[in-house]
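Reader: I am new to this structure and would like to understand the terms used for it. Could we look at it together?

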Amino acid sequence: MKDLPKVKGELLENYELASLTRFKTGGVAEIYFSPRDVDDLTSFLKKAPKDMPIHVIGFGSNILIRDGVLNGIVIRLQNDNFSKIEKIDDITLKCGAFASSIAVSKFCAENGIAGMEFLFGIPGTIGGAILSNAGCFDREIKDIIVSFEAVDKLNGKRKIFTVDECGFAYRKSNISSRWIFTSVIIKGNTGKKEEILEKMDKIKEKKDSSQPTYTKTSGSTFKNPSKEHPAWKLIKESGCQGMKLGGAIVSPVHANFIVNEDNATSADIEDLAEQVRLKVYEKFGIMLEYEIKIIGSRKLENP
Ligand SMILES: Cc1cc2nc3c(=O)[nH]c(=O)nc-3n(C[C@H](O)[C@H](O)[C@H](O)COP(=O)(O)OP(=O)(O)OC[C@H]3O[C@@H](n4cnc5c(N)ncnc54)[C@H](O)[C@@H]3O)c2cc1C
């Protein structure tokens, strides 16, 4: 193992990543680190070698990790200390960044906090929702964030961000990828448990009937170029729905979802996505922009 600092959490070499992603594909991380708490994370980052890239993953529900060796360190905040959901007052919560968005929405329903129902439709961590301003049915994470805490990958320093400084817009923000989010404060409104649960049920029903929710997928592959031109429509009208490459398929249920149908590799998924982009471009002159984050190397061996 490289000369890495001592930690209290888990620090492992040659860690298989496929099981940590919703696509169930991807290579091996050179180093995997799951810190015990924020102090463990900051002290590791202060001393970690500066020449090793650092990647963060949550539930892997919006990410495609290529099949080769992922150089550097993969950090995953998989510890109860990063999954806590606590009430600050009647309508405000502090959530660890690794808390599931679905668990947060359920907690809010139990506690009569409205406005968080949309989180029930997003199967990732609340930390993983921040960078891309994840959203569902006209609500986005920016609508509920008060502030969040992050740690600098480069030196372990901690910083509190307020929502106004993040440049949140449709599936994007101006937050640098050097930050690892560790906790977030969110605020809703007072509501009635039954009404909140009803809204959550409707969201689930709507999503389950229109998306391949329970398959090996990372959600929408591409961002919608505009309201008039949703990605699914462009893909469908370019004749790509149902297209296959290796074990990957453009979902027959929702054209903007690529599914690992039959032992696909990440290369199958990425190459299929590229074919879709090309066909859409040829037909409409629109180059689709990825919503999923693609990281890693296609090479199967370390040089
Ligand atoms: C069936 C299905 C439906 C979906 N529906 C929606 C939807 O309606 N709306 C929507 O917006 N998304 C949707 N998604 C995508 C995904 O669930 C969200 O983007 C989610 O917020 C990603 O969270 P994650 O923990 O899985 O992040 P990951 O996929 O693990 O990571 C995503 C990005 O966030 C970064 N990241 C993760 N955790 C941290 C952290 N602690 N600090 C800093 N950076 C971090 C990663 O580096 C990466 O760049 C869907 C996915 C699936 C599979």
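Reader: Which strand supplies the largest share of the shell around the ligand?

Author: Strand 15 does, with 3 residues, where a strand is a DSSP run of E at least two residues long and a helix a run of H or I of at least four, both numbered from the N terminus. This is a predicted model, in which local features need pLDDT of at least 70 and side-chain atom pairs count only at pLDDT 80 or more, while totals for chains, interfaces and linings use all residues. Residues are numbered from 1 along each chain as its sequence is written.

Reader: What makes Ser101, Val104, Ser105, Cys108 and Ala109 of helix 2 count as buried?

Author: A residue is buried if 20 or more other C-beta atoms, placed from the backbone, lie within 10 Å of its own (exposed if 12 or fewer, partly exposed in between), and these are the buried residues of helix 2. Seen down the axis of helix 2, they fall within an arc of 140°, taken from the directions from the axis to the C-beta atoms, so they line one face of the helix.

Reader: Why is helix 2 called roughly antiparallel to helix 3?

Author: The two helices pack at an angle of about 150°, with their axes 8 Å apart. Angles between N-to-C directions run from 0 to 180 degrees, along lines fitted to C-alpha atoms over the stretch in contact; under 35 degrees counts as roughly parallel, over 145 as roughly antiparallel, 65 to 115 as roughly perpendicular and the rest as oblique. The angle therefore makes helix 2 roughly antiparallel to helix 3.
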